[in-house]
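Welcome, and thanks for taking a look at this one with us. Here is a short briefing to read alongside the sequence and the 3D view.

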Amino acid sequence: MLEYKKDGWKAALCLAPSLLLMCVFTFWPIINSFIMSFLNNYHFALNREDVYNTFMGVEKSYTYIMGGRFTGIGIQNFITLFRDKDFLMALKNTAFIVFISVPATVIIALLIAVGLNSIKAFRGFFQTIFFLPYVTNTIALGLVFNSLFHVDYGLVNKLFNLVGTSWINSGATWGRAMFVLFIYSIWDGLAFKIIVFLSGLQNIDKQYYQAAQIDATPRWRVFTRITVPLLSPMILYITITSFMGAFKVYSSVIGIFGTGRYGPVGNEKLLITIVGYVYEQFGVQGMPFGVGSAGSTVLFLIILLITLVQMQVSKKWVHY
Amino acid sequence: MEKEKEEVFETPSEGSKTEHQSVDVRLENLTKEFTDKTGKVTVAVNDFNVTIPAGKLIGLLGPSGCGKSTTLYLIAGLLKPTSGRIYFGDEDVTDIPPEKRGIGLVFQNYALYPHMTVKQNILFPLENMKMPKDEALALAQEMAELVHIGDLMERKPNQLSGGQQQRVAIARALVKKPRVLLLDEPLSNLDARLRLQTREEIRRIQRETGITTIFVTHDQEEAMSISDEIVVMNQGLKQQMDRPQAVYEEPVNMFVAKFLGNPPINIFEANLVKGRLVLKDGEVIADGFDQPDQEVFVGLRPEYLRVSRNGKFTATIDLVEHIGRDTMILCEIKGYDHLIRAIVPNDTEYEVGQTIKLDCSKLFVFNAETGERYK
């Protein structure tokens, strides 16, 4: 028992540095932003007006907390948030990316993995090709897409002879820009999913397929009735993590459109996302973090809800 | 399709729906070679000729790596033979894919789909055949009743014991009324008690359905106990095919003699001198051989030995084991340094160190090099 206790202390000591760092940079900020989102008119740091009011003896109408001041506790931030058309746009954009590109990516990755698994020649070659996006920087990939879809010298317009069709340059419509983002996020997301699915497929006992063959099972039925159910734990894992990832989409939008923009020149918030919106709040005069925090809280709640729904649904469909 | 089935229908008995059309299975010069990455060729099945009679239960028996499973997979069509033909009845099925051969295969680990219930597993082959739902359900239930799992239909495979899973696998293999049922090591995943029970089950199911059944095993007891005939294989070659007792009593070579029998057969060297079989101590134990003088191996099953006052073997007892009904003595024969086993009745007490005389009712003589049997 004494031994165990001593070991416990040793363990705690070894864990302390990382625990401390996580508390400072992960746990506290989470709690902090949650609190902030419920503080009305929260302003970080004092400003000149504040000093002036104190000097002139004007009665304080606010309370100090966490290095800033606020006027009360309530849901004012959330009201502001949902009245901001930028945020509503961000919600819409994020929802589109999550609910269209993620299922599409998962399905395409699954089909490619099954295809790859059934070929022998060049398997390693194709695996490498599909895995390349995973080891490539998001911004770099975005730049590639930026040039691919460029209105004047982009390969896509040249290839399909679409002269002057603007995808991501000024004059681009929401639909076209979103299309590019879809293609981008599907392609970017394939790599990791294919690798996970392939390893899952290789763990499925070959005898199930032999048994299916002897029973004259059509290919499509083998896929839907045997492969997919046996792979369902992997599919669930991939779907949940991809949903979480897609809700946090940000850098790919920046990558496609260029620094500080979420859309083409002239319509710079066309494809703004929730994380993009939250980040934008830092640029607002006087650092009113309240609305940004409220945005984060909303995002957190959405992800939590979707994940809970997925877990619930999976109980029926996933076979371990 | 239906018509074809009618034509090959041979089983005389009538009435039962579980009745299967049975055909004989003929393997002609069947050879399967595997080439590994380095180009090395392994002959798994070597010029295999055998006719498996319709409606019989046949055991393919041999040590691991002898090619028996390969033979089964060749019959199933999951492997393509390097050369040779396979016939079901008069039909050459060599180039027919497995799903069109009309076979049912029970895998060693059963390969039940883990995410489907027992019912769904049994229905699966029928759904592929696009059989109407209620007809399929009735057939599945009938098969389940046949293998005595009718009350487990809603369970998942992981909620079943090994023996029950085995039955589900058999039901799934039988439900589409195959012409031939193939079982790969059907009992190897079961514990000793279940094994005994299941092998009787397999025998019963085979009798009731009358389907030509081929099963693979490395366990001689398993093969001998339920097979109508056994085929003994070694290193890809057929050694012998006959009724189990006949193979046991009259092995064609030393391999078969050694492979069958528990406790194993006693093998020792002796010499053929002018047509007489002479032990190392000079004792003549048999004569009438027309082979030239040479060293040979003598095979003696433990139960062929008996204690007799004027026996030709002089033996010193090394160990006495009481094995219930009988007594097994391990003894050293004069002139030899290895031990032989003899099973003798329980009526006499034997002591370690005691010298006895043994006589034998029957013996096998094998060529020392080829293992071919002389007598």
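## A buried serine to start

A:Ser293 is buried, its relative accessible area being 6% (buried means under 20% relative accessible area, exposed over 50% and partly exposed in between, with a 1.4 Å probe and protein chains only). It sits in helix H13 (residues 289-317) of chain A; helices (H or I, at least four residues) and strands (E, at least two) are DSSP runs, numbered from the N terminus.

A word on conventions: this is a predicted model, in which local features need pLDDT of at least 70 and side-chain atom pairs count only at pLDDT 80 or more, while totals for chains, interfaces and linings use all residues. Residues are numbered from 1 along each chain as its sequence is written, chains are lettered from A and ligands numbered from 1 in the order in which they are written, and side-chain values use heavy atoms, with hydrogens and water left out.

**Buried residues inside helices**

- Leaving aside neighbours within four places in sequence, A:Ser293 is in contact with A:Ser33, A:Met36 and A:Ser37, where contact means heavy atoms within 4.5 Å.
- A second serine, A:Ser232, lies in helix H10 of chain A and is buried, with a relative accessible area of 7%.
- Not counting residues up to four places away in sequence, A:Ser232 touches A:Trp317, A:Val318 and A:His319.
- In chain B, B:Ile205 belongs to helix H6 (residues 192-209) and is buried too, with a relative accessible area of 3%.
- B:Ile205 touches B:Leu146, B:Val147, B:Ile170 and B:Leu174, residues up to four places away in sequence not being counted.
- If you want a distance to try in the viewer, the C-alpha atoms of B:Ile205 and B:Glu250 are separated by 30 Å, with these positions 45 residues apart along the chain.

**Nonpolar cores**

- The largest nonpolar core has 98 residues, and A:Phe197, B:Phe48, B:Phe88, B:Leu105, B:Leu182 and B:Ile214 touch the most other members; such a core is a set of buried Ala, Val, Leu, Ile, Met, Phe, Trp, Tyr and Cys residues joined through side-chain atoms within 4.5 Å.
- Helix H8 (residues 174-202) of chain A supplies the largest share of this core, 13 residues.
- Neighbours within four places in sequence aside, A:Phe197 is in contact with A:Val106, A:Ala109, A:Leu110, A:Ala113, A:Leu231, A:Met234, A:Ile235 and A:Ile238.
- Apart from the largest core lies another, of 36 residues, including B:Leu57, B:Met143, B:Ala173 and B:Phe215.
- As background, nonpolar side chains tend to be buried together in soluble globular proteins.

**Where chain A meets chain B**

- How many residues of each chain are in contact? The count is 18 residues of chain A with 21 residues of chain B.
- About 1,900 Å² is buried between the two chains, with carbon and sulfur atoms giving 56%; buried area is the accessible area (1.4 Å probe) that two parts lose on being put together, summed over both.
- The rule finds 3 salt bridges across this interface, a salt bridge being a side-chain nitrogen of Lys or Arg within 4 Å of a carboxyl oxygen of Asp or Glu.
- A:Arg221 forms a salt bridge with B:Glu127, with the closest N and O atoms 3.0 Å apart.
- On the side of chain A that touches chain B, the elements giving two or more residues are helix H9 (206-214) and helix H10 (219-247) of chain A.
- H9(A) gives the most to that side, with 7 residues.

**Chain B overall**

- Chain B has 9 helices and 20 strands.
- Its C-alpha trace spans about 75 × 45 × 45 Å along the principal axes.
- Of the 375 residues in chain B, 54% are buried.
- Among chain B contacts with a separation of 6 or more, 65% are between residues 24 or more positions apart.

**Backbone spots to check**

- Most residues other than glycine have a negative phi, and most peptide bonds are trans.
- B:Asn262 and B:Pro263 are joined by a cis peptide bond, with omega about 0°.
- B:Pro263 is in the loop between helix H9 (254-259) and strand E11 (266-273) of chain B.
- B:Ala111 has a positive phi, near 50°, and is buried, with a relative accessible area of 4%.
- B:Lys177 also has a positive phi near 50°, in the loop between helix H5 (162-174) and strand E7 (180-184) of chain B.
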